[in-house]
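Welcome, and please open the model in your viewer with both sequence and structure in sight. We will go from stop to stop, with something to select at each one.

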Amino acid sequence: MWRATLSNLTAHKVRFLATAAAIVLGVAFVVGTLILGDTLNATFGNLFGQTGAGIDVQVTRVQAFATQFGPPAGAAEGVPDDVVARIAEVEGVAAVEPTYDGSAQLVDAEGAIIGGQGPPTIGTDVPTVEELGSTDLREGRYPETAGEIAIDAATAAERGLGLGDTVSVSIDGPVQEQTLVGTVGFGDLDDLAGATVTLFDDDTARELFGENGAGTVAVLAEEGQDRASVRDRIAEEVGSDFEVLTGEEAAEANAAEIGQALGFLTTALLVFAGVSLLVGSFLIFNIFTITVAQRTRELALLRAVGASRRQVLASVLIEALAVGIAGAALGIGLGIATALGLRALLGQFGFALPADDLVVNSRTLVIAMVVGPVVTLVAALIPALRSTRVPPISAMRANAAPVTPRAGALRLILGAVILAAGVAALAAGLFADAGLPVVGTGAVLVLLAVAALSPLVTRPIARVLGAPVAAARGLPGTLARENTVRNTRRTASTAAALMIGLGLVTFVLIFTASLQESISNTIDEVFLADYSVAPANFISFPEEATEALAGVEGVAVVSRTKSATVGIEGDARTTIAIEPETFAQVVSLDVPQGDLADVAGGGVALDEALAADLGVGIGDTVDIAFTDPDAEEPIEVVAIMLSQQSGAQVIVSLDRFAEAVGEAPDSSASLLLDEGVTVEQARPALEEALAPFPTARLSDIADVREQITDQTNQLLGLVFALLFLSIIIALFGITNTLALSVRERTRELGLLRAIGMSRSQARTMVRWESVIVSLLGATLGLAVGLFFGWIFTRALEDTGLDTFAVPVVQLVIAVVLAGVAGVLAAVIPARSAARIDILRALAVE
Amino acid sequence: MSTPLAAETTTPQPVTLAARTVELTKTYGRGETEVQALRGVSLDFPAGQFNAVMGPSGSGKSTLLHCLAALDTPTGGTVLIGDTDLSRLNEKQLTRLRRDRIGFIFQAYNLVPTLNASENIALPQRLAGRKPDAAWLDTVLDTVGLRDRLNHRPSELSGGQQQRVAVARALAGRPEIVFADEPTGNLDSRAGSEILSFLRTSVDEHAQTIVMVTHDPSAAAYADRVVFLADGRVVGELRDPTAETVFDRLKSLDPLSRPGT
């Protein structure tokens with residue numbers, strides 16, 4: 001049986017390659033994602049290893065409710081000077097190095113910010129203890145006085161900055177000009193994972209960032225001291241407010257934190273890899289179904305000469321296994337290129353990732369070698385089982401053309417059951433919070449159900465789609481249409497592969513359109529200001545920027561906010577501080593109970609859902625921790641508002657905020673202009689006022705809308721790029737099905753050519769068959785995508801996604817592109833149809 | 001004496017030829033595996049005549065038909081359909097010639113399975129983007145008698161009915177010449193004689209020209225003329241044949257051949 005299988009494989013190289021290609025691309029995507037994830041993990045691990053190489057013990061302040069969304073209110077609590085002094089006295093400590101760090105934004109000569117669109121913009125001090133320093137001098141010297149800085153060598157090289165150049169930096173005031181006196185690296189790295197690093201002399205850094213103490217204190221142990229013992233002694237000395245870790249522990253903790261963030265990225269990419277594999281499995285299913293049908297006579301002959309059903313089954317499955325293994329092996333090779341491609345792609349869409357040598361773990365190879373063959377085997381299982389049902393007598397029949405059973409009641413029932421299960425899982429996942437895996441399972445089940453049911457609707461849909469083709473293209477068009485309904489199961493499963501990609505495209509288009517429209521509606525309702533200022537680095541901008549605006553002629557009202565994270569019952573809550581007198585003039589929030597202006601009295605406004613969670617209402621008090629988790633302050637609730645419009649769950653007055661937190665930069669400012677001053681008239685003066693503050697970005701309502709559109713469109717672009725591969729695989733499937741069909745119809749093509757069909761008519765016939773199949777897939781995809789879009793927007797209605805928008809133009813474009821893709825998919829099979837040798841074709845049985 | 005020219009012009013016009021071959025040769029393969037299928041065949045096929053081509057297996061009769069029907073390219077010599085020299089035509093022109101000027105009847109699988117009988121009949125005209133001549137189509141349909149089966153697909157027709165559709169298709173475009181390659185080879189004798197009667201009728205009543213390859217003497221008996229081939233050469237000709245005369249001639253050609261096999 002082995003020999004029969006292998007000779008069959010070598011005899012059908014093209015088919016073998018097509019099947020393998022389906023699995024190669026899917027596996028390559030999986031492998032590429034895993035390699036990228038491992039590489040990034042290794043990069044950051046290496047980074048922390050390099051920067052923390054000489055540190056024996058590290059001390060930081062325990063952050064009570066720090067979240068990934070930002071620091072707690074005000075500057076982070078650090079390690080105070082007296083604690084640093086006490087650490088230095090602990091037995092076994094040779095030296096301590098307190099680091100004062102924060103955010104420092106470099107600004108280029110045109111006044112535009114450098115970096116700051118993702119990776120952090122770090123400002124820090126010069127190392128004083130050589131062993132503990134995380135930086136190594138590359139050129140020049142470290143800064144010694146105010147007005148001097150050193151920056152990381154990578155940024156210097158990228159921006160062409162040299163020693164002695166003047167560089168602008170924005171910290172929490174207007175841009176200041178500094179002189180570049182040195183460049184630094186980090187161990188053997190020049191680049192800190194894309195971050196910009198600015199070094200100030202110790203006094204300046206302390207002044208800028210050291211208000212609450214040192215961010216971290218690095219400790220050098222005396223020769224011969226055990227790190228763990230030194231750690232334990234320091235921990236005992238400083239108490240539980242501080243976290244004390246050995247250098248290795250700190251590096252691991254840092255790497256784990258980054259790993260978690262990267263894990264999200266890897267998971268998202270794996271979802272798309274999974275889509276590619278799903279589409280690939282449709283393709284494999286198709287190829288095996290067609291070839292089993294075409295090999296009916298051969299299989300019957302094997303059965304007639306004594307092969308058992310089990311042996312026939314094995315012969316098909318062994319072929320699948322061989323294809324799967326070969327595909328997986330090739331996929332690993334291509335996966336390395338895919339990893340580079342993904343990295344470049346993510347970079348293109350604003351997720352700059354460090355470029356480092358790729359890391360290929362043995363786990364990646366094992367996963368690839370399991371995923372490839374398993375997917376192939378599963379996809380080939382149904383055709384393989386079908387092959388065992390070929391009766392030996394088929395070998396004797398003159399016409400061994402396979403009988404295609406009509407899509408029957410069983411299919412209808414099975415499809416309906418899967419569909420019901422899928423919709424139920426989707427609903428459970430979306431409305432009952434059963435989790436994302438349940439949502440994913442539901443979505444896959446719905447796709448499978450539609451694929452299973454699609455043969456039932458293929459005939460009517462193809463007839464409708466084919467009608468204009470038949471009308472416009474005459475007989476070749478009619479034949480194209482008829483050929484698509486010749487074997488509805490084959491047509492349907494070929495189209496189903498494209499349906500998946502188009503369904504997801506439709507879903508994403510609808511989802512983003514709904515999101516954009518919902519946000520746009522909210523902006524219209526909420527945004528009363530003529531202009532608003534937002535931080536260009538998504539963090540904050542200096543108070544002076546807001547003040548500069550207040551002085552501009554024609555500005556009637558300026559209302560600033562500051563934002564922070566506070567702790568309520570141990571959970572981090574997004575908070576904004578407002579000017580109660582003016583806020584309502586620039587922002588219109590829904591306030592179901594109380595009055596937002598009442599926060600002026602020192603009270604707090606809570607989001608409706610949060611208040612319900614906490615079980616508080618107007619007049620009750622909530623305990624809020626602004627900076628120190630142990631220092632909770634009871635504050636009276638004076639208003640209940642809807643957070644979805646402001647994004648903040650907690651609102652207090654600026655005065656209350658200042659009392660609790662102290663000084664902090666602004667997070668937004670909104671302006672109203674004097675009566676009679678138009679938005680366009682005011683713009684030049686406002687821009688001029690903000691010129692020294694590159695981190696403050698001025699927008700009118702049109703700009704805000706455009707920014708949101710740009711952001712969602714960028715996301716859209718990335719999603720499309722990631723779905724591209726699965727669409728390519730689906731087109732490959734169309735090509736392959738057509739090629740096999742053309743071969744199957746050789747005799748018929750010979751006849752048509754003999755009685756006068758021209759080569760170009762033969763091409764037309766195959767091309768339009770392909771287009772109809774593509775459009776069928778697009779139609780099914782539209783239906784599925786509309787459903788997904790509808791159910792997702794319904795599920796997210798409560799979070800502010802209250803509009804269900806169908807972007808008709810974009811969807812029409814998607815369908816047209818699917819048709820064009822069909823033309824491309826048909827190029828090769830159409831050519832082979834046009835080039836058949838008539839006499840030889842007529843001689844084919 | 002003074003009017004030799006006039007005398008010449010008044011001589012009866014030679015019979016118009018629907019097709020003609022001159023010193024036609026066809027060689028397959030090269031060197032040791034070279035097979036000479038046709039070794040200089042010169043034949044005239046007058047318009048309005050029913051010709052049968054016979055000969056033992058390997059005599060070159062199928063190759064001759066393929067070369068005549070613009071399906072195969074000769075190695076040497078000339079093929080003319082009407083006045084058209086096929087060697088001067090490119091692929092596109094050959095396709096158009098097959099579509100517009102030639103009718104085909106093959107042994108089997110003559111029909112496109114996705115089209116019904118009437119669509120199959122109109123196939124060449126529709127490939128040309130033309131409407132079939134309705135009056136002529138009526139005549140053809142009357143001849144082959146398929147009116148009640150026009151909306152049936154080939155899979156719903158018997159072998160004889162399918163072949164009648166093929167005959168109707170070959171005649172529907174009023175081609176200059178119809179080529180038939182063993183048109184009755186797959187049929188029982190009753191269905192076969194029906195088909196042959198239709199072909200005969202089309203020659204008698206509509207002056208259709210037909211060239212039919214067959215190995216069946218009783219099929220050849222329907223023809224006006226039988227041309228005998230052997231080893232790629234024309235070895236004889238019989239006018240107004242009967243099954244017996246054909247059979248006898250075949251026997252004399254090759255004592256070892258068993259006509260009808």
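## First stop: a leucine in chain A

Select L776(A): this residue is buried, because 28 other C-beta atoms lie within 10 Å of its own, and 20 or more are enough to count as buried. Keep in mind throughout that you are looking at a predicted model.

Now colour the helix around this residue. L776(A) belongs to helix α22 of chain A, which covers residues 759-795. Which residues is L776(A) in contact with, leaving aside its neighbours within four places in sequence? Select T458(A), I461(A), A462(A) and L465(A), then add T491(A) and A495(A), and you have the set.

For a distance check, pick L36(A) as well. L776(A) and L36(A) are 740 residues apart along the chain, and their C-alpha atoms are separated by 36 Å.

## Zooming out to chain A

Show the whole of chain A as a cartoon. The secondary structure here comes to 25 helices and 22 strands. Along its principal axes, the C-alpha trace of chain A spans about 95 × 75 × 55 Å. Chain A has 845 residues, and 49% of them count as buried. If you turn on contacts between residues at least 6 apart in the sequence of chain A, 84% of these join residues at least 24 apart.

Next, colour chain A by domain:

- Domain 1 takes 1-48 + 264-402.
- Domain 2 takes 103-200.
- Domain 3 takes 466-520 + 700-845.
- Domain 4 takes 531-699.

Keep domains 2 and 4 of chain A on screen. Their C-alpha centres lie 32 Å apart. The contact between them takes 13 residues from domain 2 of chain A and eleven residues from domain 4 of chain A. On the domain 2 side, colouring by class gives five nonpolar, seven polar and one charged residues.

## Across to the other chain

Bring chain B into view and select where the chains meet. How many residues of chain B are in contact with chain A? There are 19, and they touch 19 residues of chain A. On the chain B side, highlight α3 (91-101) and α5 (123-127), the elements that give two or more residues to this contact. By class, this side of chain B has nine nonpolar, five polar and five charged residues.

## Chain B by itself

Hide chain A for a moment. Chain B has ten helices and ten strands, and its C-alpha trace spans about 60 × 55 × 40 Å along the principal axes. A compact globule of 261 residues would have a radius of gyration near 18 Å, and the 19 Å of chain B agrees with that. Of the 261 residues of chain B, 46% count as buried. Among contacts in chain B between residues at least 6 apart in sequence, 70% join residues at least 24 apart.

## Last stop: a sheet in chain B

Select the strands β2, β1, β4 and β5 of chain B. They form an open sheet in that order, with antiparallel pairing. Strands β2 (35-46) and β5 (84-85) of chain B are at the edges with a single partner strand each, so one side of each has no neighbour in the sheet.

Move inward to β1 (residues 17-28) and β4 (residues 76-81) of chain B: these antiparallel strands are joined by five bridges. Label T21(B) and you will find V79(B) of β4(B) opposite. Finally, show helix α2 (residues 61-68) of chain B, which packs on the sheet and touches β1, β2 and β4 of chain B. The direction of helix α2 of chain B makes about 120° with that of β1(B).

Definitions and conventions. Residues numbered from 1 in each chain as written. Chains lettered and ligands numbered in written order. Predicted model: local features only at pLDDT ≥ 70, side-chain atom pairs only at ≥ 80, totals over all residues. Pairing = 2+ DSSP bridges. Helix = DSSP H or I, 4+ residues; strand = E, 2+ residues; numbered from the N terminus. Contact = placed C-beta atoms within 7 Å. Axes fitted to C-alpha atoms, helices over the stretch in contact; angles between N-to-C directions. Buried ≥ 20, exposed ≤ 12 C-beta atoms within 10 Å, placed from the backbone. Rg over C-alpha atoms; globule rule 2.2 N^0.38 Å. Nonpolar A, V, L, I, M, F, W, Y, C, P; charged D, E, K, R; others polar. Domains from an automatic or database assignment.
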